[in-house]
Structures are given as structure tokens and as C-alpha cells.
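Me: Please take a close look at the cysteines of this model, and then set them in the context of the buried parts around the chain. A connected account would be preferred to a list.

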Amino acid sequence: MASAFSYPPVHQETSTEDYHGTKVVDHYKWMEDPDSNQTKEFVELQNKLSFPYLKSCPAQKKFEDRMSVVFNYPKYSCTSKKGNRYFYYLNTGLQNQSVMYMQETLNDEGKVFLNPNKFSEDGTVSMRSVAFTQDGSLCAYGISKSGSDWVTIKFKNVETGEDLPDVLERVKFSCMEWTLDNKGLFYNAYLDQEGKTDGTETTSNVNQKLLYHRLGDKQSDDVLFAEFPENPKWMSGVDVTDDGKYLLLSVSEGCEHVNKLWYAELEPLVNGGMKTMPEWKKLVDNFDASYDLISNDGSVFTMKTNLKAPRCKIIRIDFNKPEMENWQTVIEEHEKDVLEWSICVNQNILVLCYLRDVKSVIELHNLDDGKLIKTLPIDIGSIQGVSGKRKMNEFFCSFTSFLTPGIVYRYDFQDNELKVLRTTKVVGIDSSQFVTSQVFYPSKDGTSVPMFIVHRKDIELDSSHPLLLYGYGGFNITIGPSFSVSRLIFLQHLGGIFAVANIRGGGEYGEDWHKAGTKLNKQNVFDDFQHAAKYLIDNKYTQAKKIAIQGGSNGGLLVAACVNQRPDLFGAAVAQVGVMDMLNFHKYTIGHAWTTDYGCADDAKFFQTLYRYSPVHNVPTAAEFPALLLLTGDHDDRVVPHHSLKYIATVQRQLGASNENPLLIRIDTKSGHGAGKPTTKVIEEVADIYGFIAKSVGAVWKD
């Protein structure tokens, strides 16, 4: 059958590369140059096709109008204490960026401390990171333009509100750590990066340096503390211990949760004026496990590690007795639950957050012997933020779930109670109409996979409902319960069901679960997701033509791979900022760090596996694709846009003449991988997505 769409003709070239004896043709290698006239013309022609179509979808305008009303509610971050003051982020409703507020006491009305909405007129300059001195008197903050990963660090005097003149550029994937004397800050930068650094470049990020900036100095005078010229892809970050005596250096080689652990005594460096690189003592000089600092008592350090513990445990290391046989286990690995994080508060209390079947559990333990003191009473959902210091007798955490927009809790050790500090209500969404359930379904190989399902309480399971299935499945990242206005509008006004499949590759059950979805095991991820759809069909939640699948970044890869493999299983597919060219991803920006999850086509061991599922290289030549919408941004320097450009060009070339359903791409401007996106763009984008989904799966808007 002929297509109802006329796709623009696309220039093809024949670029052939030999991979271990297999010759692979790339017709669109020219798209790797984002500044070429050909690439710019391709983007313009695709947007001329997609934007009018998206705006014409019947539910789009209604969704955008409803979203603009319901999304207009206050959104609070977790509170944190810096020195003697309290800080939190608040978006009053439809502000493009959240604003940082300061309180002298918790009973005071917050005063604006940093307002990113004043950084630009259109809201595309955002605040990425903040670091305060231990006494809370000075603040360093990083800002990003157009969603790029490049950050500029600026400084502010908290006492006076004065902006300091210091500015640090070419900062990316950086720590921000002050010395206790408040004189300077450790940070990371790519000083040798060639060409542009505005987020539109594709140059590989290598040769990261760890630098120390003394306030008042020029950046060119900053002191080099670590670099790895023999291993240019390595990255690093430091922690200054609370007592100011030690500097801990974590060195990583990719996205895997493993790091080398080096350290230096800080006091001699400070006394010497912080002028020279230290002689690092290499406590752990391999990439066998992760080591995350919790606290220290002199030379004795308490750490979280996954050393011989894929679900993590708490250990103690005396740096004066560094041999592994002297290390002590404080809290053993749990037999099933994953230890996500731990902090030390109130001098001798460990706060531990476990993941139990993808739901957060918070426990208090004794620092000395690790014994359980109590489990805190929180509902089924996710802890998304935590703040506390060892010297403080309180800590804060923020909670969310599919039906709870946000609760900020405070635990006060004076009365030993967890109390609500702030709670958020959304006008126009009655959460009591909906219900969340968790099911476990068998994947292709019999593995039991958890899945959350959210829907109205009054629906009948008769296979008639539009359903949005979301997944990620990579990089040890857990997709826990979280609140989304747009999803609830989909449920309330489009009669939809929402499901999250917690597939392998993520962190839901620790490192073993993660490894089962990486490298040579990556097909497990796609099988898990496809079998989630089958479960939902078999149990009459929906039918194939009413299923829309969605994922971003690694989840965009998931969506595209599943559409290639089982186009008959879905009615619509939305792939956002996806990794689509699995043979070349490692050559651009920070892609080399992902080889720890994917492997690399340059290695014969991984080439065939990558080649078998790489979305760009596996578009079928004869199939009816579901309605397909790709999204990317012109300043995405995490997953560069040509991944999506190549994939849509290939899909349109091979299927465009006959496919009844639309095959579209939406390329946003002044937009990156997702972080820092202004509210105006968020609302417009989700309205386009849900309008597209509704039209594609036959969902009808009801007021």
C-alpha cells in the first residue's frame, strides 16, 4: 500500500568501513557534520514535515492547554543545610527554571538566592550544579546554555549576595569540591578540547584534567592536580573529608560503577599554598569495584562498595593498614535488596537507602557496629533526594511516587521522628481515581521481570485501552516510581494505561541485573521489553495496535531496536535522543564512556553483537512500522543528533514509500539531552508527543 506521506529526498553517499572482515556501508556519514549545509537542509526539511503534522493531531492543543493548567503547581526540591542556613529549589509552577531559595531557619520565609530565570530571556540557560563551602559562606555554581553538558562555573558570597569575579570555562562532567579554608575549589575541565565547545560539536571528550582554582586567580593559573595522558579517556573527581585532612581521588574509565581510589594528605598541600600536584597514594589501583566515601575518623574510612557484593555493602578501611586483609565489613550485602546510598549524620548514625523490588526503603544503623536501629515509615515509592552531614542532628529526604507529586521529609534526632516538612498538591488531578500495581512477568529466557502498571480504578480489562509502555534498561540506572503530570493527563483524558518495565541492564537488582543486560547480553534488554508488551496483551490491558512505547537516550536505543525486531507488537513508538549507530557511538563527545555497557565495534569480540541490533543497521526492508516519532536537540552533546538523523533517513528510505503510518523526527533548537530544558519547551514537547501517541493508537480526548 502506498504511503500517505511524502518524505523529502535525501542525499546518499557510499562510505564503506571494514569491521573485522565485514564491510559495512554508511549512506549518511555526511550527517556527522552538524555544520554542513546538507545537514542543516535535512534538519529543516524534516521539521517542515513533522511540526505541522504534530500540531494537527487532534489531542495536541487540548493536551498543551491542559498541561499548562495542571503543571502550574509548586515543585520543591529536597532541603539541604549549608553552614547555618537552609536551601531548597522551588518552581512556583510554570517558571522556565527552578529558583534556589535560602532560609535562616526552617520557619522563615525563603528568600531568593539564585534565580536562573534571569540568566536568559528564553529560559535556555540553566543551573546545573552547586557547591557550598563547609561553613556555607561561599557558593560555586555551574550554568549551562541550551542544554549542553558544557558548564561555566561562577561564584557567589552567601553572606553579602555579591557575585565574585572568578569564572571557570571548559568545564564538563566535573566535581566541585571546596577546601576547608574556603580559599579554593577543585573542578574538572577539558582545557585541550579542540574547536567549538557550545554543545553543537561532536569532538570526542578526552584528556580531562583535575584542577584547583584559588579564588582571585586567573583560570590560566589554576594548579593541575591530576591528569592521565597515557589514558586520555579516564575521568576523575575528588572528595575533601569533613575534617579537611584527606583528599580522595576517584578515577573512572567509563560508566561502569568501578573506580580506582587514590588519596593524599591535604594539610601539607594547604600549608604549601596548594601549588603543586600531590604524590597520590594508590589505595586501590584497579577497576574491580566501586568505592564511595561515607565518612572518616582520622585514617579510618567508612565506604560503600560493590567489591564481591553486587548489591553493595558497607566496609571500613584504615589507611594506615591498607592491605585488603585488614578491611572490615560493617554491614553485609543484603540477600536481595540493593544498597543505593548511605550518609552519616548525627555523629554516629548511618542512613541507608535500599531498593526493595524497585521501591525505596530507609533504615538507620549504628556507625560503629552497623546494627539496625529502625526502619523509617515511608510509602511505596522512590526517595529522590537526600541531604545531611555528620555534624548535623537532622537530615532531609524527598519522596515521590506515580501518584504522589512530592513530599519533603525532615528527620530530627532530638525527637527521633520523621516529619513532613513540605507536601505538594496538584489541582486538577485527583490521584484517588488511579491505582498502581506491580506485576512480575516472565521474559523470553524465563527471567522474572518487575513492571509497574498505573490506571484508573474503574477500567475493565477488555483489551481496549491505549497503553504507554516505558523502559530504559542500561547503565545500572533504576527506573523507580516517579510523578508525571503528562502521564496522568494521558490516563485521565485519553483513557490510557501507563506501564514501566524494569528490564535488565538497569540497577533494580544490583550489578548482576545490570550485567545481564550489557555487552554480549544486550538482547536480553530488548527481549524483556517485548515480553512486557506481550504480558500486557495477554492479560487484556490492551492490544498491539494500541501500545505506544517510549524511551530516551539508552531507552531510545531500546525503542528503535524493538521496533526493528517486532514492528507488529506496537502501534506507536517514541524514541527520544536515542543511541542509534552502535558501530560508531564511541567516536563522538563522551560516547567512549559507554563502551563499558555496550562494548565497542573496534573489538571483534563485540562487533557482531552490536551489528545485529544497531538500529541504523537493522531497519527491515519490508515491514509495516508503527507510527514512529524520533526527538533530538541541536545542542545534544551527550548523544549527538546524527544518531537520530541517520536512523530516520534509513527508515524513510527503506519503508517510506509503502508505510501507512508516519515516520517522523522532531529536531528542537537550543535544546540538549534533556537537563535544564525550560518549562515552555517541556510543555510543548510533551503535548506533541502525546498528541502523536493519541492519534497513532486511536485514543480520543475526553474532558
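Reply: In this predicted model, the sulfur of Cys600 lies 14 Å from the closest cysteine sulfur, which belongs to Cys255, and this is too far for a bond. A disulfide is counted when two cysteine sulfur atoms are within 2.5 Å. Cys600 is nonetheless a buried residue, with a relative accessible area of 14%. The sulfur of Cys353 has its closest cysteine sulfur in Cys397, at 8.4 Å, and that distance is also too far for a bond. Cys353 is buried as well, its relative accessible area being 0%. A search of the whole structure accordingly returns 0 disulfides.

Cys353 leads to the strands. Strand 24 comprises residues 349-356 and pairs with strand 23 in the antiparallel sense, over 7 bridges. Within this pairing, Ile343 stands opposite Val351 of strand 24. The two strands form a hairpin with 3 residues between them, and in the turn Asn346 has a positive phi of about 50 degrees. Strand 23, residues 338-345, has 7 of its 8 residues buried, so it is largely enclosed by the rest of the structure.

Burial is also found in a loop. Thr179 is located between strand 11 (163-178) and strand 12 (184-189), and its relative accessibility of 3% makes it count as buried. Its side chain is joined to that of Asp181 by a polar contact of 2.8 Å. Apart from neighbours within four places in sequence, Thr179 is in contact with Gly184, Phe186, Tyr212 and Met274.

The helices continue the theme. In helix 4, residues 485-493, 9 of the 9 residues are buried, so the helix is largely enclosed by the rest of the structure. Its buried residues include Arg487, Gln492 and His493, together with Leu488, Ile489, Phe490 and Leu491. They pack against helix 2 (58-70) and helix 11 (679-697), and against strands 31 (434-442), 32 (448-456), 33 (467-470) and 34 (497-501). After helix 4 comes Gly495, with a positive phi near 65 degrees.

Helix 11, one of these packing partners, has 19 residues and reaches 27 Å from its first C-alpha to its last, close to the 27 Å expected at 1.5 Å a residue. Of its 19 residues, 15 are buried, so helix 11 is likewise largely enclosed by the rest of the structure. Gly698 follows helix 11 and has a positive phi, near 75 degrees.

The nonpolar cores complete the account. The largest holds 124 residues, of which Met451, Leu469, Ile549, Tyr598 and Tyr647 touch the most other members. Helix 11 gives the most to this core, contributing 9 residues. A second, separate core has 22 residues, among them Leu210, Tyr212, Val251 and Trp280. Tyr212 in that second core is also one of the residues in contact with Thr179. As for Met451, once neighbours within four places in sequence are left aside, its contacts include Ser437, Gln438, Val439, Tyr441 and Leu469, as well as Ala499, Val500 and Ala501. Further contacts of Met451 include Asn502, Ala532, Tyr535 and Leu536.

Technical notes: Residues are numbered from 1 along each chain as its sequence is written. This is a predicted model: local features need pLDDT of at least 70, side-chain atom pairs count only at pLDDT 80 or more; totals for chains, interfaces and linings use all residues. Side-chain values use heavy atoms; hydrogens and water are left out. Buried means under 20% relative accessible area, exposed over 50%, partly exposed in between (1.4 Å probe, protein chains only). Helices (H or I, at least four residues) and strands (E, at least two) are DSSP runs, numbered from the N terminus. Two strands pair if DSSP finds at least two bridges between them. A polar contact is a pair of N or O atoms within 3.5 Å; within protein, one must be able to donate a hydrogen and the other to accept it, and residues adjacent in sequence count only if both atoms are side-chain atoms. Contact means heavy atoms within 4.5 Å. A nonpolar core is a set of buried Ala, Val, Leu, Ile, Met, Phe, Trp, Tyr and Cys residues joined through side-chain atoms within 4.5 Å. The expected span of a helix is 1.5 Å times one less than its number of residues.
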